[in-house]
Amino acid sequence: MKRIWILVLLAGMLAACAPSGDNASAEVESASPGMGMGPGGGMMERHRASIPADFADLTNPIAADDESLTRGEEIFTTQCATCHGDGGMGDGPGGAALDPAPAAIAHTSQMMSDAYLFWRITEGGIPFETSMIPYRDILDEQARWDVINYIRALGSGQVMPQGKMGGNAFDPELEAAQRAEMLSTAVEQGVITQKEADNFDFVHGEVDVYTSTQGIAGMGSSDRPDVLDAILSELVNSDVLAQDQADSFMDVHDRLMDAGLMQ
Ligand code: HEC
């Protein structure tokens, strides 16, 4: 039963890749280090995957308070940092030889929903044939939620990395510089206009402010593995953004992903 499900999923992934061809996937490989998300091809497919029904509606029941973050830190430093690095940037010594490389989870956890992260930690790389460990039998459910709280706190700068295994901390300035470079490449290649790039950068800034001040625990819908839609509608409802700014951002976001410039 499980094997059939994996085959169906793989067939779906191949179909999704087919129109872009080999060149496009080579572009993904070369573009991804620039985005600071690790060189692993296929992260885009994982970030667009549909979450299995058992997980799709889950939200984090554990508040990200000091106790949870302390438990999460212990789990992260003993179980995860070897591959994902102390700062959760995907650069731990144990992950150096892996292909795809460990994800920059301090960063990606700022956008991916509770349901997506819990699914990925529970089932690991099984659905995608990667080296990510399935933690279903290693960590109980509370421990999996605690570590999600911790990696989000690492990526928002709320907690500092424990310098044990090595690896960089998430650096917002570096990320902004990489985004600027990615946007100017996209404009040069005619994927987007300069005006769209400026709007994308502006809206991205507001999304970052939202995620670091409000937090995204519990947000998102079971249809999407990320929480972008939910954040954008909050920002439109509170008049931080106009609807057309939000719409243009989503449209550009999807085109950048399709062009292999962003994951
Ligand atoms: C043996 C190395 C290894 C260990 C240990 C490991 N991971 Fe991973 N992890 C990976 C690799 C490789 C990927 C990228 C491939 C993938 O997404 O399946 C990954 C991906 C992930 C993702 C998906 C991120 C995204 O943006 O799609 C999450 C979440 C994650 N790991 C969390 C954890 C947590 C939490 C721990 C510790 C409890 C942990 N990992 C331990 C190797 C590891």
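## Exercises on an all-helix predicted model

Asn199 counts as buried, because its relative accessibility is 14%, where buried means under 20% relative accessible area, exposed over 50%, and partly exposed in between, with a 1.4 Å probe and protein chains only. The structure is a predicted model, in which local features need pLDDT of at least 70 and side-chain atom pairs count only at pLDDT 80 or more, while totals for chains, interfaces and linings use all residues. Residues are numbered from 1 along each chain as its sequence is written, and side-chain values use heavy atoms, with hydrogens and water left out.

**Exercise 1. Place Asn199 in its helix and state which residues it is in contact with, leaving aside neighbours within four places in sequence.**

Solution. Begin with the element: Asn199 is in helix H10, where helices (H or I, at least four residues) and strands (E, at least two) are DSSP runs numbered from the N terminus. Then list the partners: once neighbours within four places in sequence are set aside, Asn199 is in contact with Gln245, Ser248 and Phe249, contact meaning heavy atoms within 4.5 Å. Ser248 and Phe249 are among the buried residues of H12, and the buried residues of H12 pack against H10 (194-214) as well as H3 (43-48), H9 (172-188) and H11 (228-237).

**Exercise 2. Describe the chain as a whole, giving its helices and strands, its burial and its accessible surface.**

Solution. The chain has twelve helices and zero strands. Of its 263 residues, 47% count as buried. Turning to sequence separation, among contacts between residues at least 6 apart in sequence, 68% join residues at least 24 apart. The accessible surface comes to about 12,800 Å², and 53% of that belongs to carbon and sulfur atoms; such areas come from the Shrake-Rupley method with a 1.4 Å probe, and for residues only the protein chains shown count as cover.

**Exercise 3. Set the end-to-end distances of H12 and H5 against their expected spans, and state where H5 bends.**

Solution. The expected span of a helix is 1.5 Å times one less than its number of residues. For H12 (residues 243-258), 16 residues should span 22 Å at 1.5 Å a residue, and the end C-alpha atoms are 23 Å apart, which agrees. For H5 (residues 66-84), which has 19 residues, the end C-alpha atoms are only 22 Å apart, short of the 27 Å that a straight helix would reach. H5 bends by about 50° at Thr77, the bend being the angle between axes fitted to the seven residues ending there and the seven starting there.

Next, look at the bend residue itself. Thr77 counts as buried because its relative accessibility is 10%, and, not counting residues up to four places away in sequence, Thr77 touches Gln162 and Met165. What covers the buried residues of H5 includes H6 (105-108) and H8 (141-155). After H5 comes Gly85, with a positive phi near 85°.

**Exercise 4. Identify the protein donors of the iron atom of the ligand and the geometry of its site.**

Solution. The protein donors are His84, through NE2, and Met132, through SD, lying 2.0 to 2.1 Å from the iron atom. Donors are N, O and S atoms within 2.8 Å of the metal (3.2 Å for Na, K and Ca), and water is not among the atoms, so sites may look incomplete. The site has six donor atoms with angles of 88 to 180° among them, and is octahedral; for six donors this label requires opposite donors over 155 degrees apart and all others between 65 and 115. The pair links distant parts of the chain, with His84 in H5 and Met132 in the loop between H7 (114-123) and H8, 48 residues apart. His84 counts as buried because its relative accessibility is 11%, whereas Met132, at 25%, counts as partly exposed.

**Exercise 5. Which residues other than glycine have a positive phi in the loops between H7 and H8 and between H11 and H12, and which residues does a cis peptide bond join?**

Solution. Most residues other than glycine have a negative phi, and most peptide bonds are trans. Glu129, in the loop between H7 and H8, has a positive phi near 55° and counts as exposed at 59% relative accessibility. Asp239, in the loop between H11 and H12, has a positive phi near 60° and counts as exposed at 69%. The cis peptide bond joins Asp99 and Pro100, with omega about 0°, and Pro100 lies in the loop between H5 and H6.

How values were computed. Four donors count as tetrahedral if all angles lie between 85 and 135 degrees; four count as square planar and six as octahedral if opposite donors are over 155 degrees apart and all others between 65 and 115; anything else is irregular.
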